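Reader: I would like a close look at a single buried residue and its surroundings, with the cut-offs behind each term spelled out. Please begin with the whole protein before turning to that one part.

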Amino acid sequence: MLRVRWSHQGREEVRSLSRDEIRIGRGTENDIVLPDFSVSRRHAVLSREPEGWAVTDQGSTNGVLVNLVTVKRALVRAGDRIKIGNFELAVEEAPEERRSTAEAPTVHVAGIATAAAAPPPSIGTQTIVRSLAEFSEQYGLDPAGKASGAARLDKRKALEAAYSTKIFGFMTRLAQLLIRSESVDEVLARVFELAFEALPVDRGFILLRNERTGENVCEISRVKDRIEYRPQGDVPVSRTMVEQVIRDRVALLTYDAQSDQRLAGGESIRIHQIRAAMCAPLWSGEKIIGVLQLDTPFHAGTFTEQDLDLLAALANFAAVAVERLRNAEAAERERQVRARLERYHSPSVLESIVAADPEAAETVVGRVKLVDATVLFADLAGFTALSEKLEPAEVAEMLEGFFTPAVEAIFREGGTLDKFIGDCVMAFFGAPVAQADHAPRAVRAALAILDAQETWNAERAARGQPTLDVRIAINSGPVVVGDVGSRKRVDYTVLGNTVNVAARLEAYVGEAGQVTIGGETHRQLGGALPTEPLGEFQLKGLEQRVTAHRVLRR
């Protein structure tokens with residue numbers, strides 16, 4: 001008999017070619033799972049042919065190589081090397097297994113029997129391990145599976161058996177309950193309701209994986225009829241079983257964990273007096289989001305292989321329902337965050353905030369913190385005097401004509417719109433997403449605003465309408481940024497001396513059609529744009545004198 005050997009994460013893996021067909025790919029439905037994106041979901045098949053074993057490419061992205069030669073199909077024998085993605089599978093002769101009766105294996109994997117000569121294991125040492133891939137294949141959960149005539153006949157027999165039992169009714173009812181469930185807690189309670197009704201269990205625990213910490217946290221426990229959400233303290237689950245079902249993607253049953261050699265090292269089993277137990281991953285497609293453990297501390301040999309399959313199905317139902325609710329909640333949170341952020345931020349900044357962590361976006365934006373940023377003020381010189389002579393509709397049109405290109409220029413450079421103050425636009429760069437080049441961004445935005453204003457003025461002059469120039473000032477330094485306001489209304493804004501200096505530079509130093517910058521902004525530009533010094537100024541309300549520069553437009 002042949003076998004294949006490969007390495008994954010420093011661990012040797014071996015698979016005997018004991019079946020007529022061995023499927024290889026990234027998807028968990030395969031017989032040999034190679035978890036890497038260099039491997040296609042269904043990459044290749046090893047099949048037993050009259051002339052020997054053959055490997056066939058299943059239309060993979062990266063192809064199959066045998067002894068460094070790309071092949072669509074090729075015979076393989078001991079000594080050959082099969083290259084699949086980043087993995088190399090060595091074909092070897094499998095050593096013959098010689099076991100005495102006393103050495104017969106005691107592990108049953110998904111109904112595969114032990115050697116005929118071996119006596120059945122005692123109930124206290126028997127373990128059943130059920131892979132999710134095999135479960136999916138047997139129960140038709142593999143969307144790519146092809147139903148042959150024999151498979152259709154087996155399906156008909158399985159359906160007839162299901163229709164004649166209560167299990168079909170349980171699963172139908174569970175599906176209805178989960179569809180109506182409006183929270184994750186309700187989903188988990190419904191799963192327990194059916195599990196305790198259908199199976200002879202005394203305790204149940206559902207742990208969900210915390211995506212941030214990677215820990216499995218108990219969300220619900222049930223002992224007899226008592227349900228507790230997020231129980232505190234040490235939860236009586238087998239850490240050994242939980243780790244194995246997640247790591248190996250299997251559902252596991254032990255007839256008596258106290259005497260099971262595979263679980264003998266688990267201290268939690270002894271402490272919590274776990275006897276007959278089943279544990280299955282909450283799985284949805286390729287994703288495992290938690291585990292479901294059912295057990296009884298009073299009896300050994302309580303559960304059967306059919307019970308394990310039912311548990312795997314319940315875990316799958318639960319995972320799909322939990323994922324549905326989580327996705328809906330995440331979508332609603334993202335909608336609310338976007339609705340709030342799009343008022344202040346450019347689409348690119350908004351995407352970077354939400355994409356980084358939609359759940360944390362509110363914290364990223366709302367929390368008041370100290371950052372280094374650049375503040376920009378831009379207003380229309382002479383607007384107040386001109387507006388006295390115009391109709392309100394003309395004033396609104398003029399403001400819109402100025403604000404629209406100004407905000408577009410700010411957003412193009414990743415800036416944040418703070419507010420409109422009469423005919424003035426206030427914006428800042430460097431928050432909520434840190435920008436090492438926030439000063440050059442602000443200056444480029446300012447120059448773009450001047451260019452847009454000149455174009456707009458030319459159009460107005462051609463129509464015989466009055467024109468206005470823009471006066472812009474920019475200053476860089478430390479600011480406090482975050483939500484500021486009352487309990488009923490807050491604004492995302494910046495505060496501090498850096499803001500005050502920028503406002504006064506615009507009001508007392510800046511000139512129409514010019515960009516005035518503070519000393520720190522000039523330093524951070526590093527000569528990237530031509531400037532000229534304006535000297536030092538004693539600005540109103542400020543004790544220290546301020547150095548200012550003018551940006552020269554090419």
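Author: The secondary structure of the protein comes to 14 helices and 27 strands, where helices (H or I, at least four residues) and strands (E, at least two) are DSSP runs numbered from the N terminus. This is a predicted model, in which local features need pLDDT of at least 70 and side-chain atom pairs count only at pLDDT 80 or more, while totals for chains, interfaces and linings use all residues. Residues are numbered from 1 along each chain as its sequence is written, and side-chain values use heavy atoms, with hydrogens and water left out.

Of the 554 residues of the protein, 46% count as buried; buried means under 20% relative accessible area, exposed over 50%, and partly exposed in between, with a 1.4 Å probe and protein chains only. Among contacts between residues at least 6 apart in sequence, 58% join residues at least 24 apart, a contact being heavy atoms within 4.5 Å.

The part to examine is glutamate 413, which is found in the loop between α11 (392-412) and β21 (416-421). Glutamate 413 counts as buried because its relative accessible area is 16%. Its side chain is joined to that of arginine 444 by a polar contact of 3.0 Å, a term that stands for a pair of N or O atoms within 3.5 Å; within protein, one of them must be able to donate a hydrogen and the other to accept it, and residues adjacent in sequence count only if both atoms are side-chain atoms. Leaving aside residues up to four places away in sequence, glutamate 413 touches Phe429, Gln435, Arg441, Arg444 and Ala445, so that Arg444 appears both as a touching residue and as the partner in the polar contact.

Arginine 222 offers a second charged side chain to set beside this one, and it lies in strand β15 (residues 216-223). With a relative accessible area of 13%, arginine 222 is likewise buried, and a polar contact of 3.3 Å joins its side chain to that of aspartate 225. Its contacts, again without residues up to four places away in sequence, are with Phe192, Glu193, Phe196, Asp202, Arg203, Gly204 and Ile227.

For contrast, leucine 370, found in strand β20 (residues 369-380), counts as exposed because its relative accessibility is 64%.
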